[in-house]
Amino acid sequence: MHHDTLGSGRLGESAAGVYSYMDIVAKEAEEYALAHTSPLSPLLEEVEAFTLTKTAYPSMLTGRVEGRFLQLVVQLSGARQVVEIGTFTGYSALAMGEVLPEKGRILTIENNPDHAKIAREFFTRSSSRSKITLRLGEAREILKSLPDAETDLVFIDADKQNYTAYYRESMRILRNNGLILADNALWYGRIFDPQDEESRAMADFNELVNADKQAEKLFLTIRDGIYVIRKRGDVAG
Ligand SMILES: C[S@@+](CC[C@H](N)C(=O)[O-])C[C@H]1O[C@@H](n2cnc3c(N)ncnc32)[C@H](O)[C@@H]1O
């Protein structure tokens, strides 16, 4: 929510015509990665262009590289039931929805009615619309209403103060071997020396995950950091 207010971020056109807002990975590396990653669907390109030009928080968009990564994880894991925390303009939900099998479903949660309205308009235009459900409301409340151990993949990408709560609920709703992808795990590098509430929350989240024996983890330095977590079935929660 506060990405646009972060002084160290930068927003600019890259060689690939896509913005970069992260300082944590060298600009040249970001641009090179973009230029060497397949574009997503025309609708996703449109969502991206809309988000960059018409919204106040363009840096909240995951974008092409992370979008492709999410798609690959969905495809390789064979996920059928996906939960996303933080819809924004619908980019990542659409990206995952496009590669889910016909019977696959994604529930995406958003508490901002303006964001939800934009996302719903894009979802309506997608051939994957029947796979995507948006629920408007507080993510913590909506997560509580979901059953134990029926979800294959959770993408956490909302307010940073609640990441720890989202993690606990995600581990509950995930089946064994299910995956969590937590975005912004590097939080612009502020986790190294947290000076504010959000940065402390992200640092605490990373430590909680790292200490959790039920979690097998891989910390990726893609973009603003993606913490990849597999719920181990051989360790009690
Ligand atoms: C970083 S953006 C999500 C970006 C999106 N996943 C994408 O790739 O385009 C975070 C979103 O989470 C929403 N959000 C923040 N706090 C929330 C909460 N407590 N419950 C539900 N949604 C929340 C914000 O309104 C915002 O739209």
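The legends below accompany close-up views of this predicted model.

**View 1. The open sheet, strand by strand.**
Seven strands make up an open sheet, and reading across gives the order E5-E4-E3-E6-E7-E9-E8, with mixed pairing. The edges belong to strand E5 (132-136) and to E8, each of which pairs on one side only. From one strand to the next, the twist averages 15°. Within the sheet, E6 and E7 run parallel and are joined by five bridges. If you would like a pair to look for, Val154 has Ile180 in E7 as its bridge partner.

**View 2. Helix H5 over the E5 edge.**
Here we look at helix H5 (residues 113-124), which lies across strand E4 (105-110) and E5. The helix runs at about 165° to E5, one of the two edge strands of the sheet.

**View 3. Ala215 in the other edge strand.**
Ala215 has its place in strand E8 (residues 215-220), and E8 is an edge strand that pairs on one side only. Is Ala215 buried or exposed? Ala215 is buried, because 20 other C-beta atoms lie within 10 Å and 20 is enough to meet the cut-off for a buried residue. Beyond its neighbours within four places in sequence, Ala215 is in contact with Val209, Ile229, Lys231 and Arg232. To relate this view to the E5 edge, take Arg135: this residue is 80 residues from Ala215 along the chain, and their C-alpha atoms are separated by 27 Å.

**View 4. Helix H7 and what covers it.**
Helix H7 spans residues 163-173, and its buried residues are Tyr163, Tyr166, Tyr167, Glu169, Ser170 and Ile173. An α-helix has 3.6 residues a turn, so residues three or four places apart point the same way. Which elements help to cover the buried residues of H7? Among them are three strands of the sheet, namely E3 (81-85), E6 (151-156) and E7 (174-183). Helix H6 (139-144) and helix H8 (197-211) also take part in the cover.

**View 5. The ligand and its shell.**
The ligand is surrounded by 21 residues, and the closest are Thr62, Gly86, Phe88, Ser92 and Asn111. Helix H4 (91-99) and E4 are the elements that give two or more residues to this shell. Sorted by class, the shell has eight nonpolar, nine polar and four charged residues.

**View 6. Helix H4, a mostly covered helix.**
Seven of the nine residues in H4 are buried, leaving the helix mostly covered. The buried residues are Tyr91, Ser92, Ala93, Leu94, Ala95, Met96 and Gly97. Ser92 may look familiar from the previous view, where it is one of the closest residues to the ligand.

Methods
Residues are numbered from 1 along each chain as its sequence is written. This is a predicted model: local features need pLDDT of at least 70, side-chain atom pairs count only at pLDDT 80 or more; totals for chains, interfaces and linings use all residues. A residue is buried if 20 or more other C-beta atoms lie within 10 Å of its own, exposed if 12 or fewer, and partly exposed in between; C-beta atoms are placed from the backbone. Helices (H or I, at least four residues) and strands (E, at least two) are DSSP runs, numbered from the N terminus. Two residues are in contact if their C-beta atoms, placed from the backbone, lie within 7 Å. Two strands pair if DSSP finds at least two bridges between them. Axes are lines fitted to C-alpha atoms, for helices over the stretch in contact, and angles run from 0 to 180 degrees between N-to-C directions. A residue is near a molecule or strand if its C-beta atom, placed from the backbone, lies within 6 Å of it. Ala, Val, Leu, Ile, Met, Phe, Trp, Tyr, Cys and Pro count as nonpolar, Asp, Glu, Lys and Arg as charged, and the others, Gly among them, as polar.
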